[in-house]
Amino acid sequence: MNLYWHDSLNFISKLRPHRIWNIIKVMSSFYLTRWTGKAIQWGLPFTISMEPTTACNLRCPECPSGLRAFSRPTGNLKEDFFRKTIDELHRELMYLIFYFQGEPYINPKFLDMVKYASDRGIYTITSTNGHFLNDANAKKTIESGLDRMIISVDGTTQEVYENYRKEGKLENVLEGAKNIVKWKKKMKSKTPHIIFQFLVVKPNEHQIPDIYRLAKEIGVDEVKLKTAQVYDYENGNPLIPTIEKYARYKKQNDGKYIIKNELLNHCWKLWHSCVITWDGLVVPCCFDKDATHRLGDLKNATFQEIWQSDAYYNFRKTLLKGRDQIDICTNCTEGCKVWA
């Protein structure tokens, strides 16, 4: 069977009647909001990102973790808090994106928490830089029930790879990927679905054909090419690719750059998903990397209270008036996609 079908069927297997009903409510309220222009919210999010840690071993130039540039506190997600949150949300929750900022495997309890969510029938996904996938961690990853693993491989030679993945070792990443493939075969597991994610930037764009070849040689299930978000783009940036379809930004006649996508005044993410930081802050989406738009704190309220709070309602209402007025939205190219 096609590898994509295996992953799709695995995702579908997580559906339960109460989850289906919640999805219907969320989608209905989103489209009703678009038709009426009023911020209507039914149901609970069926996709949540949780942050295992803010720490990272690399120093990537467009990443707050890599730059050590957070103004918020840094730390590791605690297992008891994670379990409490999952216990509250698991009936409606379909999809747990187990990363935000930082390298998930730095949290020593990361895979134990993955297993806790997997045992509750939640589709689990993580993204890693691949430097901690030693033999023991690879075996435990398969045992955890993790459904999808994204491994960032932004170059097929060390020289190109380290242009963006500062202080990273490509050899370690590829060895880690081989460990995951090995244990997946040994344990006759269909999961995790392994993805090589290639962040297309100017220094590596010539290696796009090579990443497909490398993934096939190792036995990786899929390659995804990702466009890069850069913060300082108006006057150009050495990371912006020359291959236009892989760039989020377009050069104008005056030499300035703009975001290519139209900034629409609605956002699917605000209806079906959110992000929970390691210390329990609820923020709108993954573009709020420094958690500046804090819509609630799970240390002081339940998730449902936060999701249906005046703060969340007012944020959705503001967004409907103009996404260009919200700082985290101005560099966003994906908020309007449904089921993204």
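Start with helix α5, residues 110-118. Colour its buried residues: Phe110, Leu111, Met113, Val114, Tyr116, Ala117 and Ser118. That makes seven of nine, so the helix is mostly covered, given that buried means under 20% relative accessible area. Keep in mind that this is a predicted model.

Now show what covers α5. Its buried residues pack against two helices, α4 (79-89) and α6 (135-144), and against strands β2 (95-97) and β3 (123-128).

Stay on Tyr116 and add Arg120. Arg120 lies over the face of the Tyr116 ring, 3.6 Å from the ring centre. For another charge placed over a ring, select Lys139 and Trp183. The charged end of Lys139 sits over the Trp183 ring, at 5.6 Å from its centre.

**The sheet**

Switch to cartoon view and select the strands. Nine of them make an open sheet with mixed pairing. Trace the order across: β6-β5-β4-β3-β2-β1-β9-β10-β11. Stop at the two ends, β6 (222-227) and β11 (296-297). Each has a single partner strand, so one side of each is left without a neighbour in the sheet.

Next, isolate β5, residues 193-200. On one side, β5 pairs with β6 in the parallel sense, over six bridges. Pick Val200 and look across to β6: its bridge partner there is Thr227. On the other pairing, five bridges join β5 to β4, and these two strands also run parallel. Pick Ser152 and cross over to β5, where its bridge partner is Gln197.

Is β5 covered or exposed? Mostly covered: eight of its eight residues are buried. Show the side chains. In a regular strand they alternate between the two faces of the sheet. Here His193, Ile195, Gln197 and Leu199 point one way. Ile194, Phe196, Phe198 and Val200 point the other way. Both sets are buried.

Add helix α8, residues 170-186. This helix lies across β4 (148-152) and β5, and runs at about 160° to β5.

**Backbone stops around α8**

Most residues other than glycine have a negative phi, and most peptide bonds are trans. The next three stops depart from that pattern.

- Select Glu167, in the loop between α7 (158-164) and α8. Its phi is positive, about 70°, although it is not a glycine. With 57% relative accessibility, Glu167 counts as exposed.
- Move to Lys188, in the loop between α8 and β5. Its phi is near 50°, again positive in a residue other than glycine. Lys188 is exposed, at a relative accessible area of 75%.
- Go on to Pro192, also found in the loop between α8 and β5. The peptide bond joining Thr191 and Pro192 is cis, with omega about 0°.

**A buried lysine**

Select Lys14, in the loop between α1 (3-12) and α2 (17-36). Lys14 is buried, with a relative accessible area of 11%. What is Lys14 in contact with, leaving aside its neighbours within four places in sequence? Show Arg19, Met94, Gly121, Ile122, Tyr123 and Asp147.

**Aromatic rings**

Display the Phe, Tyr and Trp side chains. The structure holds 13 aromatic pairs. Zoom in on Phe30 and Tyr31. Their ring centres are 5.3 Å apart and their planes meet at 70°, so the pair is edge-to-face. Phe30 is buried, with a relative accessible area of 1%, whereas Tyr31 is partly exposed at 29%.

Jump to Trp307 and Tyr312, an aromatic pair that is edge-to-face. The centres are 4.9 Å apart, with 65° between the planes. Both rings belong to buried residues: Trp307 has a relative accessible area of 1%, and Tyr312 has 0%.

Return to Phe30 and Tyr31 and widen the selection. Together with Trp35, Phe46, Trp268 and Trp271, they form one aromatic cluster.

**Confidence**

Finish by colouring by pLDDT. The mean for the chain is 89, and 92% of the residues reach 70 or more. Then select residues 335-340, where pLDDT stays under 50. For this stretch, the model has 21 contacts beyond four places in sequence.

Notes:
Residues are numbered from 1 along each chain as its sequence is written. This is a predicted model: local features need pLDDT of at least 70, side-chain atom pairs count only at pLDDT 80 or more; totals for chains, interfaces and linings use all residues. Side-chain values use heavy atoms; hydrogens and water are left out. Two strands pair if DSSP finds at least two bridges between them. Helices (H or I, at least four residues) and strands (E, at least two) are DSSP runs, numbered from the N terminus. Contact means heavy atoms within 4.5 Å. Axes are lines fitted to C-alpha atoms, for helices over the stretch in contact, and angles run from 0 to 180 degrees between N-to-C directions. pLDDT is the predictor's confidence in each residue, from 0 to 100. Rings of Phe, Tyr and Trp (its six-membered ring) pair if their centres lie within 6.5 Å; planes under 30 degrees apart count as stacked, over 60 as edge-to-face and the rest as tilted. Buried means under 20% relative accessible area, exposed over 50%, partly exposed in between (1.4 Å probe, protein chains only). A charge sits over a ring if NZ of Lys or CZ of Arg is within 6 Å of the ring centre and within 35 degrees of the ring normal.
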